[in-house]
Amino acid sequence: TQEDVAQAYLTVRGELESYDEALAAKPQIVALNKCDAMDEAGIAAQRQALAQVYDGPLHCISAASGQGTQTVIRALLQAIDRYRGLTE
């Protein structure tokens, strides 16, 4: 529901880089939250805006309803396994 998701993403990335470049260099999993509060056109518009500044997988979730959270959890577990060298 953020009006400018691209700027919000860039702000968070900037804060991470300012805080710790090594932290900012770690793999990231990006999700749009509150997707239950948006219609398909709104979600598409947010995805398109974010795609201008982020070139990677983008999850659409709702913390309130649980929509998409299992997919994000699986992505997190896969990233952790890769980090630990358990998978490629």
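Two residues count as being in contact here when they have heavy atoms within 4.5 Å of each other. With that in hand, start with the whole chain, keeping in mind that this is a predicted model. Of the contacts in the protein chain with a separation of 6 or more, 60% are between residues 24 or more positions apart. The chain has 88 residues, and 24% of them are buried. Its C-alpha atoms fill a box of roughly 40 × 30 × 20 Å, taken along the principal axes.

Now for the parts list. There are four helices and two strands in the protein chain. Walking from the N terminus, you meet them in the order α-α-β-α-β-α.

Next, look inside. The largest nonpolar core is made of 11 residues: Val5, Tyr9, Val30, Leu32, Cys35, Met38, Ile43, Leu50, Tyr54, Leu58 and Cys60. Four elements give two or more residues to this core, namely α1 (5-19), β1 (30-32), α3 (40-51) and β2 (58-60).

Tyrosine 54 is a handy place to look at that core up close. This core residue sits in the loop between α3 and β2. Is tyrosine 54 buried or exposed? Its relative accessibility is 9%, so it counts as buried. Leaving out residues up to four places away in sequence, tyrosine 54 touches Tyr9, Gln28 and Val30. Take the pairing with tyrosine 9: the two are 45 residues apart in sequence, and their C-alpha atoms are 8.3 Å apart in space.

Two of the core residues, Cys35 and Cys60, deserve a stop of their own. A disulfide is a covalent bond between the sulfur atoms of two cysteines. How many disulfides does the count come to? The count comes to one disulfide. Cysteine 35 and cysteine 60 form it, with their sulfur atoms 1.9 Å apart. The angle about the S-S bond is -120 degrees, and the link is left-handed. Cysteine 35 is in the loop between β1 and α3, while cysteine 60 is in strand β2, so the pair ties together parts that are 25 residues apart in sequence.

Both ends of that link are tucked away from the surface by the usual cut-off, since buried means under 20% relative accessible area. Cysteine 35 has a relative accessible area of 2%, so it is buried. Cysteine 60, at 16%, is buried too. Setting aside its neighbours within four places in sequence, cysteine 60 is in contact with Leu32, Cys35, Ile43, Arg47, Gln67 and Gly68.

One step back along strand β2 is histidine 59. Histidine 59 has a relative accessible area of 15%, so it is buried. Again skipping neighbours within four places in sequence, histidine 59 is in contact with Ile29, Val30, Ala31, Leu32, Arg47, Thr71, Val72 and Ala75.

Go back now to the loop between β1 and α3, where lysine 34 is placed. Most residues other than glycine have a negative phi. Lysine 34 is not a glycine, yet it has a positive phi of about 65 degrees. Its relative accessibility is 45%, so lysine 34 counts as partly exposed. Asparagine 33 is in the loop between β1 and α3 as well. With 35% relative accessibility, asparagine 33 counts as partly exposed. The C-alpha atom of asparagine 33 is separated by 9.2 Å from that of alanine 64, a residue 31 places away along the chain.

Finally, the empty spaces. The largest pocket holds about 220 Å³ of space. Its lining has 13 residues, with Gln2, Val5, Ala8, Ala31 and Leu32 lying nearest the centre. The elements α1, β1 and α3 each give two or more residues to this lining. Sorted by class, the lining of the largest pocket has eight nonpolar, four polar and one charged residues. Val5 and Leu32 may ring a bell, being listed in the largest nonpolar core.

The second largest pocket has about 180 Å³ of space. Which residues line the second largest pocket? They are Lys26, Pro27, Gln28, Ile29, Leu76, Ala79, Ile80 and Tyr83. Six of these lining residues are nonpolar, one is polar and one is charged. Gln28 has come up before, as one of the residues that tyrosine 54 touches, and Ile29 is among the contacts of histidine 59.

Definitions and conventions
Residues numbered from 1 in each chain as written. Predicted model: local features only at pLDDT ≥ 70, side-chain atom pairs only at ≥ 80, totals over all residues. Heavy atoms only, no water. Core = buried A, V, L, I, M, F, W, Y, C linked by side-chain atoms within 4.5 Å. Buried < 20%, exposed > 50% of the residue type's maximum accessible area, 1.4 Å probe, protein only. Disulfide = S-S within 2.5 Å. 1 Å grid on protein atoms, 1.4 Å probe; cavity = no way out; pocket = protein on both sides within 12 Å on 5 of 7 lines; lining within 4 Å. Points joined across faces, edges and corners; volume = space filled by probe spheres on them. Nonpolar A, V, L, I, M, F, W, Y, C, P; charged D, E, K, R; others polar.
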